[in-house]
Structures are given as structure tokens and as C-alpha cells.
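The following report describes the strand pairing, helix packing and selected side chains of one protein model. The sequence and structure are shown first.

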Amino acid sequence: MSFINVDEFLAGSIDMHLHPGITKGSSRVDVMEAATQAKQAGMKALVYKSHNFTAAVAALVSRMVPDIKIIGSICLDYEIGGLNIHALENAVQLGAKVVWMPTFSSSNSIGMMRKQGFPLKGEGFSIIDKTGNLVPELEPILSLIQKHDMVLATGHISPPEIFALVKEARQIGIKKIVVTHPTDKEFMEKVLTLEEMKQLAQVGAFMEFTIIGILPNEFCHNPAERAHIIKAIGPEHCILSTDLGQPQNPLPVEGMRLFIATMLHHGITPEEIELMVKRNPSRLLDLD
């Protein structure tokens, strides 16, 4: 690969998936540091993902750190009462734009995560019943997501749950859908196949790939494989995020820079990078 100034791609980019902390103890960066570092790099926006603090934090940071948009989200995990419509209504009032289905509370994910040493609570829950239909609690949640044109992200749910969710979401008019960690077996017992990802992309869902999946101290997946999958699906159906903030990992800004450089090294073109780190996430978050 000839020399490319990666900072040109970092400037104006959007990280839709990072985990800053309220204090430094639980994270590599706190919420203010993450915003300040991204602003210094010229990034356009960040979506804060948390299992315990609310979208109010993102709203406050966005006011305190100018020239970068900090966007809140909500994870429908045990910490906020699971599939809790009241918590979602509150998140909407606080400016959240992204709604994640269960992550560390998903029954699909919890066993896999425990094997990796995560001290997770409970047995987890599914968003579908024994017949494969979505549980009733999801009806008002999806309705609210549709009403406010929010981004629906799948979290750590299983392929059958993903397909049931995406089918219903599309039927009721939800336009912005992101499939989280579609290829990372560390978060789920069974990952999506390439054909399944293509099927979801064809109905308008974006596949989200994160650098945590290819880090040598994390999941060690082959970055060349990731690039091949992106090419096969089509970069117009993909986004690149970091999923960083953990104490043992690179800073989120450096993670985004490294992810961009790695994908370029493995054959993703500059135009495709622009799509996945700028145009696609900007479209999802209404930042155009």
C-alpha cells in the first residue's frame, strides 16, 4: 500500500460504538477525555454506549465540548430494567438516538461472555418466545423507535432473534438498523453467515464491524477476513466502529485510526473507507 495520510480519513469520521467511563477507574478514558481527544482529531461525532449511565451524560458532554457531536444511546439490559419502555421514553427525552437490544443480558451472549471471565448477572433473556415470535414487551419499544426515527442496533442477540427483529422493524417502518458484531463468536453462540449478512443488508440493515474483533489482545480475528466480508457484503451496507474504552485497549481515537489503516492495508479502498466511517454513520444519525 502506498503512503496514505490516515488522519485525513479520521477527520470527519464518526465512531458509533465506544465505551468511555464516568471515571477513569473503569475505562481507559472518561466521557470528557473521549470527546476532547476525538475533537482534537477532527472527528465529527461519537455515540456513547453504556450499560449503566444514561443519555444525559452524552447531552451534557456535547454542550461542554464544542465542535463535535456527542450522542447518547440506551442498552436494554438488566441495568435499566431490560425491555423497559419507560427507560426508553426517558432516553428519548434526553436526546438518545441509538437503541441497543440486550447485550450482556442476552441469553444468547451471557454463557459465552462468562467463559471469558465476565462476572455477568442472571441467566439472560431472549427477545423471542419458544415459537420464534418477538416477545410482547418489544411492541411499544419498536413503535417508539419508529416514531422518533431512532437507530435500532441488535446488541448480542442470536441470528433467529436478529431476523425476527429486523423483519418486524421493517414492517412497521423502522428505517435505521445496525447489526452489531455479526462475525464475533465471542459475543454469541452462533454468528451470522455471509449469506445471512447479505440477506439482512438487502433489506436495509447495516453490518457493524469493530476493531476489538481484530486486536491481538482481544479476539484476534484475521483482518483480511474482515476486509473480504466487507467487500462481499458491499461497503455501502457496512460501518466501522471501535467498541473501545476498556482499560487494556488503545484509546478510541487511536483505535479508529488503526482500524482505518488496517482495512486500507487489506484492500479496502479510500472511497470505501469514506463510506463506512463517514457517510453511512452520518446518514444513520441524521448528521448530513
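Helix H7 is among the elements that cover the buried residues of helix H5, where contact means heavy atoms within 4.5 Å. The model is predicted: local features need pLDDT of at least 70, side-chain atom pairs count only at pLDDT 80 or more, and totals for chains, interfaces and linings use all residues. Residues are numbered from 1 along each chain as its sequence is written, and side-chain values use heavy atoms, with hydrogens and water left out. Helices (H or I, at least four residues) and strands (E, at least two) are DSSP runs, numbered from the N terminus.

**Helix H5**

H5 spans residues 107-115, and its buried residues are Asn-108, Ser-109, Ile-110 and Met-113. Buried denotes under 20% relative accessible area, exposed over 50%, and partly exposed in between (1.4 Å probe, protein chains only). At the start of H5, a side-chain oxygen of Ser-106 comes to within 3.1 Å of the backbone nitrogen of Asn-108. Just after the helix, Gly-117 adopts a positive phi of about 95 degrees.

**The six-stranded sheet**

Six strands form an open sheet in the order E4-E5-E6-E7-E8-E9, with parallel pairing. Two strands pair if DSSP finds at least two bridges between them. Strands E4 (73-75) and E9 (238-241) are the edges, each pairing on one side only. From one strand to the next, the twist averages 25 degrees; axes are lines fitted to C-alpha atoms, for helices over the stretch in contact, and angles run from 0 to 180 degrees between N-to-C directions.

Within this sheet, strand E7 (residues 177-180) directs Ile-177 and Val-179 one way and Val-178 and Thr-180 the other, and all are buried. E7 runs parallel to strand E6 (residues 151-153), to which two bridges join it. With strand E8 (residues 205-210), E7 pairs in the parallel sense over four bridges. Individual bridge partners are listed below.

| Residue in E7 | Partner | Strand of partner |
|---|---|---|
| Val-178 | Ala-153 | E6 |
| Val-179 | Met-207 | E8 |
| Thr-180 | Glu-208 | E8 |

E6, helix H7 (residues 159-171) and E7 constitute a right-handed β-α-β unit. The chain then passes from E7 through helix H8 (residues 194-202) to E8, and this β-α-β crossover is also right-handed. A crossover is right-handed if, with the strands pointing away from the viewer, the path from the first strand over the helix to the second runs clockwise.

**Strand E1**

Five of the five residues of strand E1 (residues 14-18) are buried, so the strand is largely enclosed by the rest of the structure. Three bridges connect E1 to strand E2 (residues 45-48) in parallel, and Ile-14 stands opposite Ala-45 in E2.

**Thr-262 and the cysteines**

Thr-262 lies in helix H10 (residues 252-265) and counts as buried at 16% relative accessibility. Its side chain reaches the backbone oxygen of Leu-258 at 2.7 Å. This is a polar contact, a pair of N or O atoms within 3.5 Å; within protein, one must be able to donate a hydrogen and the other to accept it, and residues adjacent in sequence count only if both atoms are side-chain atoms. Not counting residues up to four places away in sequence, Thr-262 touches Ile-214 and Pro-223.

The structure holds zero disulfides, a disulfide being a pair of cysteine sulfur atoms within 2.5 Å. Cys-220 is partly exposed, with a relative accessible area of 47%, while Cys-238 is buried at 0% relative accessibility.
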